[in-house]
Structure formats: structure tokens, C-alpha cells
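Open the model in your viewer and keep the selection tool handy. We'll hop from stop to stop, and at each one you'll hear what to pick and what is there.

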2 protein chains.
Amino acid sequence: MEFSAVDSEKFAVQEFRERCRNAGLALTHQREIIFRTVYEMRSHPTPEAIYERVREQLPSISLGTVYKNLKTFLDTGLLREVSPMHGSLRVDAITEDHHHVVCTQCRMVVDLGEEELEPVRLRVQLPDGFVLKRCVVEFYGLCPRCAAKPDKPR
Amino acid sequence: MEFSAVDSEKFAVQEFRERCRNAGLALTHQREIIFRTVYEMRSHPTPEAIYERVREQLPSISLGTVYKNLKTFLDTGLLREVSPMHGSLRVDAITEDHHHVVCTQCRMVVDLGEEELEPVRLRVQLPDGFVLKRCVVEFYGLCPRCAAKPDKPR
DNA sequence: TTATTAAACAATAAATATTATCATTCGTCA
DNA sequence: TGACGAATGATAATATTTATTGTTTAATAA
């Protein structure tokens, strides 16, 4: 059996309400619209793109509110960051393929050589016409230092 | 046989000069210092951090120059981006583990379910005390659309 | 309900990150 | 060496994100 898009959305919104309650978050109209918008977009939108869409339904909403709520949703696990590494450009002088161990708290990155991992194997084809350049495995978590102090975990 | 750090650096700088020539880039003092600095830092520094370090040797250098050269180095493959996804926050309503196919040109992201990949297997231990939260595989390349038009490839 | 209180809101300013502009200087190559 | 295009430094402009503040709203309990 399959859920239709509508069912799945209803489920997600239900889930959303419950999770807000569990996290002690007030259930505001804005929050619900923001969450539903992201959920419906299905792409991996930026705050700006979300803001544009949400504004169609809530013309008076502020960009700051979108940012603050996205952050709240990330903190409570209602949403995820596509790339916990964003923030600022980071460059790498090692141009050989390798992987990363990333602390999501302090953003420290440790390298992992290509040979320290079993080769990544796909069970399916990549999208037709996609030209693959490289493949990177990122291990996200907390480094020893950040794991120790109970700051604000993400 | 092993290369010492000094040998390896000399090699890298030699390589750097040659690659500049091949790419038609003028070999300036600033470029050499910037590259060597990144190479020596070994971490995965931000432009700001690189700027601070470079300034110790070239007090008059401008932050813009650092940015522009980093970009040039990335374009010519002398350096790599740690996370080609940076730029702006991107959120994801799918909170189940999954992977990404990313176009480095237009930054489009396609999801790849956890089950569409053989499980990732480490051959070594993660750094002692590291608390792993999740593991994401990113396939970087060009989407069909971007592969077609010979814009500016990265 | 309705009053109370803490949280969330909109507006705005500030901070951070990045790119663009332009006059001057510097490498490159004849 | 000298001409020319490219690179630099200074600075302005833009983009992204966070902080601040006064006002409004949701949650809780009487």
C-alpha cells in the first residue's frame, strides 16, 4: 500500500505538531506554513527560496523569522541540513580523492584516505546523463572535544 | 622511501609553478605565498584564516586578492573545495538517512535512498572519541543540463 | 473563557561572507 | 627594455546570517 502525496503530507504535518509539542515549541501559524512549504518543495531549498514561497501565503512574514525557525527545526531534528559544512568556503590542498570526518559543532575536518574505506558501490544507476566527477563520504558527528562539553548539540 | 615535509613542499611548489604556466596564470609572489600557505596549513582553512596567515608574510595583501586567487585555484584544480555545497544553507525535510547527487555547476541536489547504495564500510577506526551521528555519500559532477552547455566547468 | 506569562513575531540593525569595480602595478613575451 | 594584458590593493556593493527590540500571540491554569 502507498500513501498519496496528500496523505503523506497530512502525516508529516501531524508528525510536525506532535514533535513541536515534544520539543516544547509553540505551534504557530508561521511555523506550520514554513514547515509545510519546505516539505512540499521537496527540493533542498535555501532560506531565501523558502521565504519567497512562504510569503505567498503569509505576506507579512519576515526573513528573520524564516531563518530562526529553520534553525529551530534543525536543532530539534524536524529538518536536516543538506550540507553541515556550508557556512564558509573551505579549501583543500590535497587534490587526491579522500573522505572527511566532520564535527558538526566546531566544524573541524579530519581527512580519511581513499584506502581507509571500502569502495563505495551503487546498487542503482546515477541519473541518466549525470557526469560523475568525484564521490566523497562524509562522517558527521561530534569530535572528542565537543562531545565532552554539553554545549548545544545539533 | 618517504619524502620529508620539505621535499614534499618543494615538490608541491614546483608543481604549482608548472600548473600556473599550463593554465596561463601569471606567477605572482602573492599567488605563490597563498598556495604555499594553504599547502602548509594542512587543515581545511577558510579564506579568512588563509588571509590572516598570508598577511604575516605579505602585510599589504588584500582579502579580495585571497578570494580571487582561491577561486582561480579551484577553477584550475590546484585546490579543491571541501564542500562544493557550501554557499548557502540548504534544508531537507527528509530526515531519514540518504545520500546526494550534486551538480557542482547549478547546485541541484538529487536524493539517493540509503538502500540504493551498498553500506559504507570503514577499514579503520574513526578518531578516538568521535561520536558518529550520520554518514552521507555525495556524488559530485554535472547534471545532464549543465553537462550539455560548455559553461564554466569547475 | 479570560488573565498571565513566556515564547514568537516583524522590523530593523549589525555582523559575516563574498563578489565587483577600478586605478595602479607587475609579469610576460616580443 | 617596453608594450600589453593580467593581477593587485583599495574600496564599494551584494549576499547571507545573526542579533536586538518593541509588539503580538499561543500555552497554561484559574
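Start by selecting B:Thr65 and DNA strand D: a polar side-chain atom of B:Thr65 sits 3.1 Å from a phosphate oxygen of the strand. That is a polar contact, meaning a pair of N or O atoms within 3.5 Å; within protein, one must be able to donate a hydrogen and the other to accept it, and residues adjacent in sequence count only if both atoms are side-chain atoms.

A quick word on what you're looking at: this is a predicted model, where local features need pLDDT of at least 70, side-chain atom pairs count only at pLDDT 80 or more, and totals for chains, interfaces and linings use all residues. Residues are numbered from 1 along each chain as its sequence is written, chains are lettered from A and ligands numbered from 1 in the order in which they are written, and side-chain values use heavy atoms, with hydrogens and water left out.

Stay with strand D and add B:Arg31, which has a polar side-chain atom 3.0 Å from a phosphate oxygen. Then pick B:Ser62: here a polar backbone atom is 3.4 Å from a phosphate oxygen of DNA strand D.

Now widen the selection to everything near DNA strand D (a heavy atom within 4 Å of it). You should get 19 residues, and the closest are A:Tyr67, B:Thr28, B:Gln30, B:Arg31 and B:Leu89. On the DNA side, sugar and phosphate make up 81% of the strand D atoms that come within 4 Å of the protein. Color by helix and you'll find that α4 (63-76) of chain A, plus α2 (29-41) and α4 (63-76) of chain B, each supply at least two residues of this surface. Helices here are DSSP runs (H or I, at least four residues), strands likewise (E, at least two), numbered from the N terminus.

Next, DNA strand C. Which residues are the closest to it? Of the 19 around it, they are A:Thr28, A:Gln30, A:Arg31, A:Thr65 and B:Tyr67. This time sugar and phosphate account for 87% of the strand C atoms within 4 Å of the protein. Zoom in on A:Arg31, with a polar side-chain atom 2.8 Å from a phosphate oxygen of DNA strand C. The side chain of A:Gln30 puts an N or O atom 2.8 Å from a sugar or linking oxygen of that strand. From the other chain, a backbone N or O atom of B:Leu27 lies 3.1 Å from a phosphate oxygen of DNA strand C. Helix α4(B) gives the most to this surface, with 3 residues.

Hide the DNA and select A:Asp92, in strand β2 (residues 91-92) of chain A. Is A:Asp92 buried or exposed? Buried, at 2% relative accessible area, where buried means under 20% (1.4 Å probe, protein chains only). Its side chain reaches the backbone nitrogen of A:Ile94 at 2.9 Å. Leaving aside neighbours within four places in sequence, A:Asp92 has contacts (heavy atoms within 4.5 Å) that include A:His98, A:His100, B:His44 and B:Arg80.

Last stop: show both chains. A rotation of 180 degrees with 0.0 Å of shift along its axis superposes chain B on chain A, RMSD 0.2 Å, by least squares on the C-alpha atoms of residues with pLDDT of at least 70 in both. That's the relation of a two-fold axis. Select B:His86 to find the chain B C-alpha nearest the axis, 1.9 Å from it.

Conventions: Buried < 20%, exposed > 50% of the residue type's maximum accessible area, 1.4 Å probe, protein only.
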